[in-house]
Amino acid sequence: MAGNEDLENLSSKELHDEAVKLAVRHGDVKFLWQLVKRIPAAEAETGDQGEAEVDVNNTAALLHDYVHAGEGELAEQLRPFYLEYLRTHS
């Protein structure tokens, strides 16, 4: 994994992948659950309010979003969360 000084240079997709990989390797269910809980707000920030509302009411949608949280605008909104986690736990 990249050193702390190199994290800013990673794409949001790469940050997502690294953070999730680290959390899975360490069994960090707390981080993974926090990620799932943040996805609806991040989707709302991307302008996808409808998807955010569905996520609040539908756990299956949250799990789907978890799989795709490293992609596109959603990954960009979650970028600070990934950076903080990787800096703290690397």
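Let's start with one side chain: His68 counts as partly exposed, because its relative accessibility is 29%, and partly exposed is the band between under 20% for buried and over 50% for exposed. Keep in mind as you look around that this is a predicted model. His68 sits in helix H4, which covers residues 59-68. Now look for Lys13, which is 55 residues away along the chain from His68; the two C-alpha atoms are separated by 9.4 Å.

Step back and take in the whole fold. The chain is built from five helices and has zero strands, so going from the N terminus you simply read α-α-α-α-α. How compact is the chain? Its radius of gyration is 13 Å, close to the 12 Å that the globule rule gives for 90 residues, so the chain is as compact as a globular protein of that length. If you line the C-alpha trace up along its principal axes, it spans about 35 × 25 × 15 Å. Contacts reach a good way along the sequence too: take those between residues at least 6 apart, and 67% of them join residues at least 24 apart.

Next, the inside. Of the 90 residues, 39% count as buried. The largest nonpolar core has 20 residues, and the ones with the most contacts inside it are Leu15, Phe31, Leu35, Ala69, Leu78 and Tyr82. Three helices each supply at least two residues of this core: H1 (12-25), H2 (29-45) and H5 (72-89). Which helix gives the most? That would be H5, with seven residues.

Tyr82 is a handy place to zoom in. Leaving aside residues up to four places away in sequence, Tyr82 touches Ser12, Leu15, His16, Ala19, Phe31, Leu35, Ala69, Gly70 and Ala75. Among those partners you'll recognise Leu15, Phe31, Leu35 and Ala69 from the list of residues with the most contacts inside the core.

Helix H2 is worth a walk of its own. Ile39 has its place in this helix, and it counts as buried because its relative accessibility is 0%. Val29 is found in H2 as well. Is Val29 buried or exposed? With a relative accessible area of 59%, Val29 is exposed. Each of these two residues also gives you a ruler for the fold. Ile39 and Leu86 are 47 residues apart along the chain, and their C-alpha atoms are separated by 18 Å. Val29 and Glu8 are 21 residues apart in sequence, with 24 Å between them, C-alpha to C-alpha.

Helix H3, residues 49-57, is where you'll find Glu51. Its relative accessibility is 25%, so Glu51 counts as partly exposed. Not counting residues up to four places away in sequence, Glu51 touches Glu43 and Asp65. Glu84 is another story: 33 residues separate it from Glu51 in sequence, and the C-alpha to C-alpha distance is 25 Å.

Those acidic side chains lead on to the charges and the surface. Across the chain there are 8 positive and 18 negative side chains, with the centres of the two sets 9 Å apart. As for the surface, the chain exposes about 5200 Å², and carbon and sulfur atoms supply 52% of that.

Key
Residues numbered from 1 in each chain as written. Predicted model: local features only at pLDDT ≥ 70, side-chain atom pairs only at ≥ 80, totals over all residues. Heavy atoms only, no water. Helix = DSSP H or I, 4+ residues; strand = E, 2+ residues; numbered from the N terminus. Rg over C-alpha atoms; globule rule 2.2 N^0.38 Å. Buried < 20%, exposed > 50% of the residue type's maximum accessible area, 1.4 Å probe, protein only. Contact = heavy atoms within 4.5 Å. Areas by Shrake-Rupley, 256 points an atom, 1.4 Å probe, with all protein chains shown as cover. Lys, Arg positive; Asp, Glu negative; His and termini not counted. Charge placed at Lys NZ, Arg CZ, Asp CG, Glu CD. Core = buried A, V, L, I, M, F, W, Y, C linked by side-chain atoms within 4.5 Å.
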